[in-house]
Amino acid sequence: MTSAPARRWRRRFPDEASTPDAGSATLKRSLGRVDLTAMGVGTIVGAGIFVITGVAAAEKAGPSIVLSFVLAGTVCVLVALCYSELAAMVPVSGSAYTYTYATLGEGPAFLVGWNLLLEFVIAGAAVAIGWSGTVVSALDSLFGITLPKAITTSPTEGGVVNLPAVLIIGVIVAVLVGEVSLTARITKALVGVTIGVLVLVVAVGAPHIDVGNWTPFAPFGLGGIVGGAAIAFFAFLGFDVVAASAEEARNPRRDVPFAIIGTVLIATLLYALVSAVLTGIAPFATLNNASPIATAFGGLHIGWIGNVIVIASIIALTKGLLLIVYAQVRLMFAMCRDRLLPSTLATTGRRSTPVRLTLLLGTVCAAIAGLLPIDIVVELVNIGALSAFAVVCVGVLVLRKLEPNRERPFRTPLVPVVPILALVGCILLATTLDALTWVRFAVWVTIGIAVYLGYGRKRSAMAAPQPSAEAVRAER
């Protein structure tokens, strides 16, 4: 037995591996296993590792940021196992929003999607800010060009607008209005560059490690390690990007679970190694900025190798931003197609991409990146992600109880232990976030409830009269 909204939703998608019913906006299935894994790894190693490592080390964990990444990675592995079960069962666009719709119904699904929108849009802004900081640093160190503070920082930091962050989002939007296969090709090429950068960071930085920089190892105690993990959680959003692209996967039942789990495991290893090197070659307090790798290696004065790392960091951040904006567009596409948000935005163009949504969300993301500092942005990302991940874990438990015999191409192991541990991990990390972050989140959720009650519930696909079973069979 399951909820009426969930049953009605599944009548729209009688075979979850299929695309939506005729007349609905659809996406083209063109991504393979390598594409999906590259997109996941590309998002993770391009977003968090080049932006968040320094902030988390300086403000939360110190050198024990290594353990913070391991803790965050462990929680993400548990969540990824839950994601994988639902992704294989419901492989259409929308990620956790879609999974919640299929398990808990329309209202909870809207709130999950609303919170994921917060996560993705703010994450895109955070990476754009990190890109801007790295570019500004590179221009100064490589060419002696110092850009005015007025056009490189937010108003709260003494500037007017972070113009480089706005401009890079404009470039990303221009790429994403093309076919998704173009995005996949660019991603696979840049993932190779990114992995090469991280190997170079470890290989070049390791001989310069001063173990004195690791003392004290955990200056903020156990609470600092957990707090660092909550911030570091931002770095693991890549597997959610994989889930968001399920409707464009050629074989989602097999390839999406593989890519989700593989992405998290690869990223955890890379983060632990790189964060150990960064905190070893520079005092952790000096890394509190939007470009910690550039800062750490800039102090080593190792010539062209350091310059290569800085340039490659910019390339990796560009790729990460590309995929985060891609994911936010696919999420809102699913919500608009279900008419919980204006359905006209889900219209796809000649290349089977949602052009209107790409332009709209790109504009919002650029505005946030241009006007807000990175510390506020990062915590908002994490609370949105943690809330959505927690609901996915609950969804696995609910569906195992209500529909134990339903086909599951991938099964989360050790249920209910794994979903419960994942849920506890999400709650633990969320409790370390600042009170003001919770206030901002509460305001966002309140707005979401108002939007759902005032618009989505009345106009959604579920609110429309549903055809009888006989009519559906006759139509087929």
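1. Leaving aside neighbours within four places in sequence, which residues is Phe-297 in contact with? With contact taken as heavy atoms within 4.5 Å, Phe-297 meets Val-201, Val-204, Gly-205, Leu-278, Ile-281, Ile-302 and Ile-309 once those neighbours are set aside. Please keep in mind while reading that this is a predicted model, in which local features need pLDDT of at least 70 and side-chain atom pairs count only at pLDDT 80 or more, whereas totals for chains, interfaces and linings use all residues. Residues are numbered from 1 along each chain as its sequence is written, and side-chain values use heavy atoms, with hydrogens and water left out.

2. On the overall make-up, the protein chain has 18 helices and zero strands, where helices (H or I, at least four residues) and strands (E, at least two) are DSSP runs numbered from the N terminus. Of its 476 residues, 57% count as buried; buried means under 20% relative accessible area, exposed means over 50%, and partly exposed lies in between, with a 1.4 Å probe and protein chains only. Among contacts between residues at least 6 apart in sequence, 84% join residues at least 24 apart.

3. Phe-297 from the opening question reappears in the largest nonpolar core, which has 148 residues and in which Tyr-83, Phe-236 and Phe-297 have the most contacts. The largest share of this core, 19 residues, is supplied by helix H13, residues 304-337. A nonpolar core here is a set of buried Ala, Val, Leu, Ile, Met, Phe, Trp, Tyr and Cys residues joined through side-chain atoms within 4.5 Å.

4. Two helices can be checked for length, using an expected span of 1.5 Å times one less than the number of residues. For helix H7 (residues 163-176), the 14 residues should span 20 Å, and the end C-alpha atoms are 20 Å apart, which agrees. For helix H14 (residues 355-371), the 17 residues should span 24 Å, and the end C-alpha atoms are 25 Å apart, which also agrees.

5. The buried residues of H7 are Pro-164, Ala-165, Ile-168, Ile-169, Ile-172, Val-173 and Leu-176, while those of H14 are Leu-357, Thr-358, Leu-361, Gly-362, Cys-365, Ala-366, Ile-368, Ala-369 and Gly-370. When reading such lists, a student may find it useful that an α-helix has 3.6 residues a turn, so residues three or four places apart point the same way.

6. How do these two helices lie against each other? The axes of H7 and H14 come within 8 Å and cross at roughly 165 degrees, which makes H7 roughly antiparallel to H14. The contact is made by Ala-165, Val-166, Ile-169, Val-173 and Leu-176 of H7, together with Thr-358, Leu-359, Gly-362, Cys-365, Ala-366, Ala-369 and Gly-370 of H14. Axes are lines fitted to C-alpha atoms, for helices over the stretch in contact, and angles run from 0 to 180 degrees between N-to-C directions; angles under 35 degrees count as roughly parallel, over 145 as roughly antiparallel, 65 to 115 as roughly perpendicular and the rest as oblique.

7. Helix H4 (residues 65-89) and helix H5 (residues 96-103) pack at an angle of about 70 degrees, with their axes 10 Å apart, and that makes H4 roughly perpendicular to H5. Here Tyr-83, Leu-86 and Ala-87 in H4 meet Ala-96, Tyr-99 and Thr-103 in H5. Ser-84 also has its place in H4; Ser-84 is buried, with a relative accessible area of 0%, and it touches Pro-257, Ile-260, Ile-261 and Phe-410, not counting residues up to four places away in sequence.

8. Several loop residues deserve a careful look, beginning with Ser-30, which sits between helix H1 (4-12) and helix H2 (33-47). Ser-30 is buried, with a relative accessible area of 16%, and lies 9.3 Å from Glu-247, C-alpha to C-alpha, although the two are 217 residues apart in sequence.

9. A cis peptide bond, with omega about -5 degrees, joins Thr-215 and Pro-216, and Pro-216 is found in the loop between helix H8 (180-205) and helix H9 (221-232). The peptide bond from Val-415 to Pro-416 is also cis, with omega near 10 degrees, and Pro-416 is placed in the loop between helix H15 (374-402) and helix H16 (417-430).

10. Leu-414 lies in the loop between H15 and H16; its phi is near 55 degrees, a positive value in a residue other than glycine, and at 64% relative accessibility Leu-414 counts as exposed.
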